[in-house]
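This briefing is written for a reader who is meeting the structure for the first time. The strands are taken up first, then the helices, one residue in the core and the ligand.

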Amino acid sequence: MAKKNGKTVFVCQECGYESPRWMGQCICGAWNSFVEEKVYDETDDSRSRSGKGASRPSEGVKGRSKPQRLSSVTSGQSTRIDTGIGELNRVLGGGLVKGSLTLISGDPGIGKSTMIIQAASHICKALGTVLYVSGEESEEQIKMRADRVCKEGTGDLYVLSETSMEAVIAAVDQLDPKFLIIDSIQTMYTDEYDSAPGSVSQVRACGNLLMNLGKGRDIPVFIVAHVTKSGELAGPKIVEHMVDTVLQFSGERSQDLRILRALKNRFGTTSEIGAFEMREEGLVEIENLSASFLEGLEDSSAGAVATAVYEGTRPLLLEIQALTAPTNVGFARRTAIGVENSRLGMIVAVLERKASLSLINRDIYVNVVGGMRPEGTSIDLAVALAIWSDEKAAKLPSGFIAIGEIGLTGDLRPVRSADKLIREADRMGFKAMMLPRRSVEKLPEKPKNMRLIGVTSLAEAIKEAAKLAERI
Ligand SMILES: Nc1ncnc2c1ncn2[C@@H]1O[C@H](COP(=O)(O)OP(=O)(O)OP(=O)(O)O)[C@@H](O)[C@H]1O
Ligand SMILES: [Mg+2]
Ligand SMILES: [Zn+2]
């Protein structure tokens, strides 16, 4: 047990940094993030006051200090647990790993509890007892949600409305669950500290207890964490380091689309996304992701161009919108959502210098519809064409899509695995795709219903687009 020694210290609630005095701004950059907490003497090596050692995952595996021959260590890969939710399995890297700690974060009301209880209902059917601990909702509330969203029933799913870690540990000892859920870490506290739930020392201590529980019993643990307004994990970054996987659940609450991502994953890539629709009956996996991102594109207008990207290993079609307007405050604004500002600046410069589109004294706004932040450069051409299209009030025909990276010289560079993007666009019913000529040349087979317009430079792309636009 840690013992209080009467002293206090100021702890940054964002990063866990400690200072003997209050500070307005922390070294991590956070403002007004310091809270006074009591100092504890170290008598338990599972935790250190500085948090440096305590946050290291290896310390969660207690009492296994004997070196083992790597070849004799059994691999956890073979014991992946199917969560019953394909999109969740995919983001986790192929299912849940035994003994792993997974943190799921997201805005209030986004559907964290819904997703977890849906997974729990499947896992309890396959594996046996699952314990769902909620510090936020009563058993009745959880039951109401489960009745609404758990199609497979809740056989051996146990709920516990509790905030004390000691009570949780006792329940785990009694039930011996195969899967443990804590909703949420910010509501939990351990008697070992008397600071408030959600404070750095409580979150860190509860995180450590959960890690020992999960690794010690070789059961997966899911921990819900809230995020602050700025989108950071509320409370300390320390938990992020402690856990194996950090999932982020996001989406517009006004729309039904929900996207699940891994921000950190010790058992898989972080480039896969999972897509869901929030419905009355719970989260429904979206199989045809492109369709939901392209809603509303049919009534095409100037400034809107479809494009294709890779999200993980999946091709995804998106709509890029651009708006240009006269500048009235001296210097022109370039504002982008979903595209890096520096990338937009480069595209605009190439449009001006290599494609003779004058954008001086024009404000430019670019938006990737649906809240995606596509990685890679395959959207460059669509961004450029959307700006050109709005600036010239030239409407591109519906069924038009563009991919290609733009180089500083104004030439178009081929897109990685363009064939998969082409196939997806063809499948989604697009009629014409503009793309770098070299991508067309490399193509093993032509699409069935879609025409390919190969171009070598941005200037040529705009010339071709102008021909198409005139036709409508
Ligand atoms: N009866 C219902 N019909 C349809 N959707 C519902 C219904 N009740 C709740 N929802 C949806 O579920 C969402 C809340 O889901 P959930 O409680 O899983 O979110 P959460 O991320 O756990 O929230 P919190 O941060 O409050 O714990 C609501 O925002 C709403 O979109
Ligand atoms: Mg919840
Ligand atoms: Zn800090």
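Strand β11 and strand β12 (residues 257-265) run antiparallel and are joined by 6 bridges; strands and helices here are DSSP runs numbered from the N terminus, with at least two residues (E) for a strand and at least four (H or I) for a helix. Two strands are said to pair if DSSP finds at least two bridges between them. The model is a predicted one, in which local features need pLDDT of at least 70 and side-chain atom pairs count only at pLDDT 80 or more, while totals for chains, interfaces and linings use all residues. Residues are numbered from 1 along each chain as its sequence is written, and chains are lettered from A and ligands numbered from 1 in the order in which they are written.

**Strands β11 and β6**
- Within the pairing of β11 and β12, Gln248 has Arg261 of β12 as its bridge partner.
- Of the 6 residues of β11, 5 are buried, that is, 20 or more other C-beta atoms lie within 10 Å of the residue's own (12 or fewer would make it exposed, and values in between partly exposed; C-beta atoms are placed from the backbone).
- β11 is also joined to β6, in parallel, by 5 bridges, and Thr102 has Thr245 in β11 as its bridge partner.
- In β6, 6 of 6 residues are buried.
- Leu101, Leu103 and Ser105 point one way from β6, whereas Thr102, Ile104 and Gly106 point the other way.
- In a regular strand the side chains alternate between the two faces of the sheet.

**The whole sheet**
- The open sheet has 9 strands in the order β8-β7-β9-β10-β6-β11-β12-β13-β14, and the pairing is mixed.
- β8 (157-161) and β14 (282-285) stand at the edges with a single partner strand each, so one side of each has no neighbour in the sheet.
- On average, neighbouring strands are turned by 25 degrees against each other, direction ignored.
- Helix α2 packs on the sheet and touches β6 (101-106), β7 (130-134), β8, β9, β10, β11 (245-250) and β14, where contact means C-beta atoms, placed from the backbone, within 7 Å.
- The direction of α2 makes about 165 degrees with that of β9; axes are lines fitted to C-alpha atoms, for helices over the stretch in contact, and angles run from 0 to 180 degrees between N-to-C directions.

**Helices α4 and α5**
- The axes of α4 (residues 165-175) and α5 come within 11 Å and cross at roughly 10 degrees.
- α4 and α5 are therefore roughly parallel to each other, a description used for angles under 35 degrees (over 145 is roughly antiparallel, 65 to 115 roughly perpendicular and the rest oblique).
- Met165, Ile169 and Val172 in α4 meet Cys206, Leu209 and Leu213 in α5.

**Val224**
- Val224 lies in strand β10 and counts as buried because it has 26 C-beta neighbours inside 10 Å.
- Ile104 has Val224 as its bridge partner in β10.
- These two residues, Val224 and Ile104, are 120 residues apart in sequence but 4.9 Å apart in space, C-alpha to C-alpha.

**Ligand 1**
- The residues around ligand 1 include Gly106, Lys112, Ser113, Thr114 and Glu280; a residue belongs here if its C-beta atom, placed from the backbone, lies within 6 Å.
- Helix α2 (residues 112-127) gives the most to this shell, with 3 residues.

How values were computed: Two residues are in contact if their C-beta atoms, placed from the backbone, lie within 7 Å.
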